[in-house]
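This report describes a predicted model of two chains. The sequence and the structure are shown first, and a reading of the model follows.

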Amino acid sequence: MKYAGLLVMPAGFFLTLAALLLFPDPTRRLAFVVCSLVVEAMGLAVAVRGHMPARGANRP
Amino acid sequence: MNAMAPITSAPAAAMSEAVFALTLALLLLAPLAFAGIALINTGLGRSRSAAQAMLGNLALGAVAVIVFALVGASFAGTLGTSEAAFHVAGKTWGVLGRGPFLMHGLGSATPQAQLALLFEFMAVAMAAIIPWGSGADRWRLAAGIASAAVLAGIVFPLAANWIWGGGWLAQLGANFGLGAGFLDAGGAATVHALGGLSALALVWIAGPRRGKFPREGLSTAMPGHNAVYVLFGCLLALVGWLTWNAAGAVIWLHAPLAALPGTAINTLLSAAAALAATFAVTRFRFGKPDASLCANGWLAGLVTSTACAALATPAEAIFAGAVAGFFTPLLVEVLELAISIDDPSGAIAVHGASGLWGLLAAGFFAPQAGQLTAQLVGIAALLGLILPLVYLLFALLNRVVAFRVDPDGERIGMDLHELGGGAYPEFVIHRDESYR
């Protein structure tokens, strides 16, 4: 699961690049960039969840 | 009124000798920020790992500047005139510098380029030691040095090229009309966000200290061993940050000298507001102010100021610092208690989160249209590209040089295990209750 999260984060970044290229309108571009950051945040949340150690564990 | 006039993405005029001398003098004081972070990293660790922690700060910084001189400076493209770039949709996307190796031609470079390179040397050393505090009491010195080499040779030059070396983030203004392009005058992205995100990758890979998260009950409190080191480190860091932000405004934003007092005042205000906010939050949460969290708050305010001190009004600087100071202790608590991240120095919250917040705040405060979008694109690059890249590189490195010390070494302390002697030889070593 942690690797899935880390793969979702670059996907969000490429959405940002797509926003730059596809939306000349500043408002739509900003909205799309914000959406891409939400995707990255979801990936980060999954990665964080995947890295949470079991209680009592000392190593990942 | 903003600390400085609206920024243009046009090339700056040639630097006068007076400005050059002043900026050089400011940069020569910037290592005080490094000293402050080193003291904080050491003080927030355990006494039995103090010598290893302080030596690690020096060693990681030393290796980082050497590797940056050998290869990183070339990729950062500060002295180079050519850039490896893609051409997409009629736009040029610079991704990597192609400067001379070993800084060939440094003597004949322009004064601005020489100062920019010196700034990057300070920045790479700082970025390398930020994760060191997060790995306290378990991260092997050899692994720390190897990770510093990776950061200085690959990751930092990439970010520096994109942001400071004329890469695609710097060109967002020229290519897409997004303000003046991604703005990072003091290294909030290249130093602090990069360092904080590297700390997160490190903590994920190395895992928590033994006994930190027992099978039952709350996590074990493992307070830093010397609050005086930590708080004195905060004072040292203030001096370094004042010079760092002022020099960065001249070098990266081409600020006039008249803007520097405002930049310094904003730096101070941001730190002060952050401390006040953290003081209030910890007083409310725990009944008494917490010294190490207040230090974290102060540092979070300084980190926030690196992005926006040169762009904000004093009121905006206070607001940005107060937000950082309010959320930093809460984030430290959430990281430890809710998601079991063992970060002794708090670098993930202090440098990572506050650096990203500062970059966002700069987007709100800058007068140019589209600047907020440019800052968000930069933040997306840091989170979506740099963090996974650092994680991948650290995970590969961990297979070559194991990050984590063996359990016996962790039990006796990093000083005895790695250096053969402690920082405080006259101290009586007592049994650690967390190993029950």
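A residue counts as buried if 20 or more other C-beta atoms lie within 10 Å of its own, and as exposed if there are 12 or fewer. By this rule, buried residues make up 32% of the 60 residues in chain A. Chain A has two helices and zero strands. Among its contacts between residues at least 6 apart in sequence, 69% join residues at least 24 apart.

One residue of chain A can be followed in detail. A:Phe32 lies in helix α2 of chain A, residues 26–51. Is A:Phe32 buried or partly exposed? With 19 other C-beta atoms within 10 Å, A:Phe32 is partly exposed, because being buried takes 20 or more. Apart from neighbours within four places in sequence, A:Phe32 is in contact with A:Ala19 and A:Phe23. A:Leu22 is 10 residues from A:Phe32 along the chain, and their C-alpha atoms are separated by 9.8 Å.

The contact between the chains takes 26 residues from chain A and 27 residues from chain B. On the chain B side, α7 (188–206) and α13 (371–400) each supply at least two residues. The largest share there, 13 residues, comes from α13(B). The table sorts two sets of residues by class: the side of chain B that touches chain A, and the contact of α8(B) with α10(B).

| Set of residues | Nonpolar | Polar | Charged |
|---|---|---|---|
| Side of chain B that touches chain A | 19 residues | five residues | three residues |
| Contact of α8(B) with α10(B) | 12 residues | four residues | no residues |

The second set belongs to a helix pair within chain B. The axes of α8 (residues 227–253) and α10 (residues 291–308) of chain B come within 10 Å and cross at roughly 10°. This angle makes α8(B) roughly parallel to α10(B), because angles under 35 degrees count as such. The residues that meet include B:Leu231, B:Leu238 and B:Trp241 in α8(B), and B:Ala295, B:Trp298 and B:Leu302 in α10(B).

The largest nonpolar core has 172 residues, and B:Ala64, B:Val124 and B:Met126 have the most contacts inside it. Leaving out residues up to four places away in sequence, B:Val124 touches B:Ala64, B:Val65, B:Phe68, B:Gly72, B:Ala152 and B:Phe156. In soluble globular proteins, nonpolar side chains tend to be buried together.

As for confidence, the mean pLDDT of chain B is 92, and 95% of the residues of chain B reach 70 or more. The model scores ipTM 0.93 and pTM 0.94.

Methods
Residues numbered from 1 in each chain as written. Chains lettered and ligands numbered in written order. Predicted model: local features only at pLDDT ≥ 70, side-chain atom pairs only at ≥ 80, totals over all residues. Core = buried A, V, L, I, M, F, W, Y, C linked by C-beta atoms within 7 Å. Contact = placed C-beta atoms within 7 Å. Helix = DSSP H or I, 4+ residues; strand = E, 2+ residues; numbered from the N terminus. Nonpolar A, V, L, I, M, F, W, Y, C, P; charged D, E, K, R; others polar. Axes fitted to C-alpha atoms, helices over the stretch in contact; angles between N-to-C directions. Parallel < 35°, antiparallel > 145°, perpendicular 65-115°, else oblique. pLDDT = per-residue confidence, 0-100.
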